[in-house]
Amino acid sequence: MFHIRKGDTVKILSGKDRSKTGKVLSVDAASGKAIIDGRNIMVRHERPKKAGQKGQKIQYPSPIFASNLALVCPSCGKAARVGFKQDDKGQKIRICKKCGKEIK
Ligand SMILES: [Zn+2]
């Protein structure tokens, strides 16, 4: 099970945006990567399609390995390790290992 989900706030642990936080836009479990809003921005140069047209720079957030991301706990606000446990109904829930609160 992935410790990061869409909509989470995460802290980036490595790369050029290290120690910045951002919101998870999407998670790709197959590649183990997540896209963070406005982080790890890459620029793609688009060649002009027609003569006389200018080439374009297109900026897009590039996926980051989930192992380089730490979930920011909404309860204590710290970049925390995530634990898992089962609630009363047998559902797997995520808990913050710093404050022990459930992370929704
Ligand atoms: Zn916490």
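In this predicted model, the charged end of lysine 92 sits over the ring of phenylalanine 84, 5.4 Å from the ring's centre. A second contact of this kind pairs arginine 44 with tyrosine 60: here the charged end of the arginine lies over the tyrosine ring, with 5.7 Å to its centre. As for rings meeting rings, the structure holds 0 aromatic pairs.

Lysine 92 also leads to the metal site, since strand β10 covers residues 92-96 and cysteine 96 belongs to that strand. The zinc ion takes its protein donors from four cysteines, through the SG atoms of Cys73, Cys76, Cys96 and Cys99, which lie 2.3 Å from the metal. Seen from the zinc ion, these 4 donor atoms subtend angles of 104 to 117 degrees, so the arrangement is tetrahedral. Along the sequence, the donor residues follow the spacing C-x2-C-x19-C-x2-C. Bridging the long middle stretch of that pattern are cysteine 76 and cysteine 96, 20 residues apart, a pair that links distant parts of the chain. Cysteine 76 sits in the loop between β7 (69-72) and β8 (79-80).

How do the donors differ in their exposure, buried or partly exposed? Cysteine 96 is buried, because its relative accessible area is just 1%, under the 20% cut-off. Cysteine 76, at 28% relative accessibility, counts as partly exposed, and cysteine 99 is likewise partly exposed, with a relative accessible area of 32%. Sulfur-to-sulfur bonds don't come into the picture: the structure holds 0 disulfides.

How values were computed. Residues numbered from 1 in each chain as written. Predicted model: local features only at pLDDT ≥ 70, side-chain atom pairs only at ≥ 80, totals over all residues. Heavy atoms only, no water. Donors = N, O, S within 2.8 Å, 3.2 Å for Na, K, Ca; no water. Tetrahedral: all angles 85-135°; square planar, octahedral: opposite > 155°, others 65-115°. Helix = DSSP H or I, 4+ residues; strand = E, 2+ residues; numbered from the N terminus. Buried < 20%, exposed > 50% of the residue type's maximum accessible area, 1.4 Å probe, protein only. Disulfide = S-S within 2.5 Å. Phe/Tyr/Trp six-rings, centres within 6.5 Å; stacked < 30°, edge-to-face > 60°. Lys NZ or Arg CZ within 6 Å of the ring centre and 35° of its normal.
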